[in-house]
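I opened my notebook with a plain aim: look up some charged side-chain pairs and jot down what I find.

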Protein chains: 4
Amino acid sequence: MTNTLQSMDFRLSYADCDPLGIVFYAAYYGWMERTYNEWVFSGGLTNDECIARWGVNTVMRASGLEYFVPAVLFDGLSCRMRLDAIGNTSFTVIFDIVRRKDEVQMAKGFMTLVTVNRSGRPAEVPGELATLLRGDSRATEIAV
Amino acid sequence: MTNTLQSMDFRLSYADCDPLGIVFYAAYYGWMERTYNEWVFSGGLTNDECIARWGVNTVMRASGLEYFVPAVLFDGLSCRMRLDAIGNTSFTVIFDIVRRKDEVQMAKGFMTLVTVNRSGRPAEVPGELATLLRGDSRATEIAV
Amino acid sequence: MTNTLQSMDFRLSYADCDPLGIVFYAAYYGWMERTYNEWVFSGGLTNDECIARWGVNTVMRASGLEYFVPAVLFDGLSCRMRLDAIGNTSFTVIFDIVRRKDEVQMAKGFMTLVTVNRSGRPAEVPGELATLLRGDSRATEIAV
Amino acid sequence: MTNTLQSMDFRLSYADCDPLGIVFYAAYYGWMERTYNEWVFSGGLTNDECIARWGVNTVMRASGLEYFVPAVLFDGLSCRMRLDAIGNTSFTVIFDIVRRKDEVQMAKGFMTLVTVNRSGRPAEVPGELATLLRGDSRATEIAV
């Protein structure tokens, strides 16, 4: 299992749940995006910063979710992000949605992002970004 | 009763409803915005177009909703927009949320928008915009 | 290409778009759900009705989207639903998100639903439901 | 100024912001609801619990927001809930949306909820609930 890059706790509220009393199928996508953006923001990796540092930014190529256990109103959950794989011009991060009280995995999501240059063409994933995605903090310190 | 400026039909789906099986309190705000934007778009009144025509655009100052009857999953509703009032530098539009099968009013919302100039300072509501908001199509034709 | 089972037109509004001025990655999931539910509702296939007719209802197993072209504010789009595949106890529907003015495909999504019995265990997809999913209206008429 | 009953910190992400790069006008309603529900949940005041304790639950009567300063992507905000007023059969809570780094108030929202009995008729706000809403913890301890 790879390192957890970012984690976000949240409680399911009325906004997340549907008339069946369970989580709405698209609700986790919002939490995945918040978790990813917190990592981006705290790491100085916003699109503006990526362009300034490496001349590339990222665009979403694909997203998805598998649902294992239906979460219900007021469930306390965590969204935990980790690296799945890095390709030449893209990378995929995984989001484990876990119920905190018993660590049961409710769902598993992913986002695949492509790194593109200023012209919008796919460009190699910068080495420093790859290091950060691998969560190898020692290497990161050296790189920075 | 003033003229209906724009109307949008929609059916409540799982995304709009909560575990009580009724509409989530914030769901109508999304439909109000879509209805307003359809009026803006079809009338050539996007922020870019307003700046080009009159040197002003609009910013949201306030919004609100009163709830009369709780709508339920699969209800077929209409969101109907009409003018409430025009002030010196702002205007308010009202949104009647109506159940189509029996014309029962489920909720009533509003948005107050301020017209601001390129510096972001409140500016007079342009006369042509006021005419369009009043839904007086004859006057509009003369103005245009 | 299989038959289009349901189609829904919509225009991207502020609610759907992000600070980059393009569609928010999760926005299409809402439109996929609305399109699916319109098919469910108009065909008499709500969970209550499915339980009454066949003793089964459906639960979401997976969802996903691939993004091809970034749609922008005020784009007029269609979400078109068609069958992908029917398995023993599940089926997958595809949603083609198309820009109406030039029929360019912006994205392609899917939902996989499992049919479960009253105890929540996977159950065979009812033959009539399979017929409806295949969009074979002649067979449907015979079946009904 | 009355006591803060509940506070929630969040960072504006792509999901909350629109193509103008500022917060979408309806985004704060979601955070208001989460803040309110956290207070409800942590205080043992869910609808089920209120019915069991006092024979009443709450339904939303009105909501609204005034916008003072447009928040932008990645702003770190707090949503702070406090009592506005308690009537015979309803109460109103206020939500101050504040930018954490400089305590500037970006917006101010409210929710008015009606207490209804098992038949759905307006019923007096229970004394204990009023005490909790006033945030008077000493009285609460006595009451409990």
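Entry one. I started with Arg61(D) and Glu66(B), whose side chains form a salt bridge at 3.7 Å, N to O. Arg61(D) belongs to strand S2 of chain D and Glu66(B) to strand S2 of chain B, so this pair joins two chains. A reminder to myself: the model is a predicted one.

Entry two. Next I asked: are these two residues buried or exposed? Arg61(D) is partly exposed, with a relative accessible area of 32%. Glu66(B) is partly exposed too, at 31% relative accessibility. I call them partly exposed because the cut-offs are under 20% for buried and over 50% for exposed.

Entry three. I moved on to Arg61(B) and Glu66(D), and found a salt bridge there, 3.7 Å from N to O. This pair crosses between chains, with Arg61(B) in strand S2 (residues 56-67) of chain B and Glu66(D) in strand S2 (residues 56-67) of chain D. For accessibility, I noted Arg61(B) as partly exposed at 32% and Glu66(D) as partly exposed at 31%.

Entry four. Which residue does Arg61(C) form a salt bridge with? I looked it up, and the partner is Glu66(A), with the closest N and O atoms 3.7 Å apart. Strand S2 (residues 56-67) of chain C holds Arg61(C), and strand S2 (residues 56-67) of chain A holds Glu66(A), so the pair joins two chains. Arg61(C) is partly exposed, its relative accessible area being 31%, and Glu66(A) is partly exposed at 32%.

Entry five. Last, I wrote down the total: the count over all chains comes to 32 salt bridges.

Key
Residues are numbered from 1 along each chain as its sequence is written. Chains are lettered from A and ligands numbered from 1 in the order in which they are written. This is a predicted model: local features need pLDDT of at least 70, side-chain atom pairs count only at pLDDT 80 or more; totals for chains, interfaces and linings use all residues. Side-chain values use heavy atoms; hydrogens and water are left out. A salt bridge is a side-chain nitrogen of Lys or Arg within 4 Å of a carboxyl oxygen of Asp or Glu. Helices (H or I, at least four residues) and strands (E, at least two) are DSSP runs, numbered from the N terminus. Buried means under 20% relative accessible area, exposed over 50%, partly exposed in between (1.4 Å probe, protein chains only).
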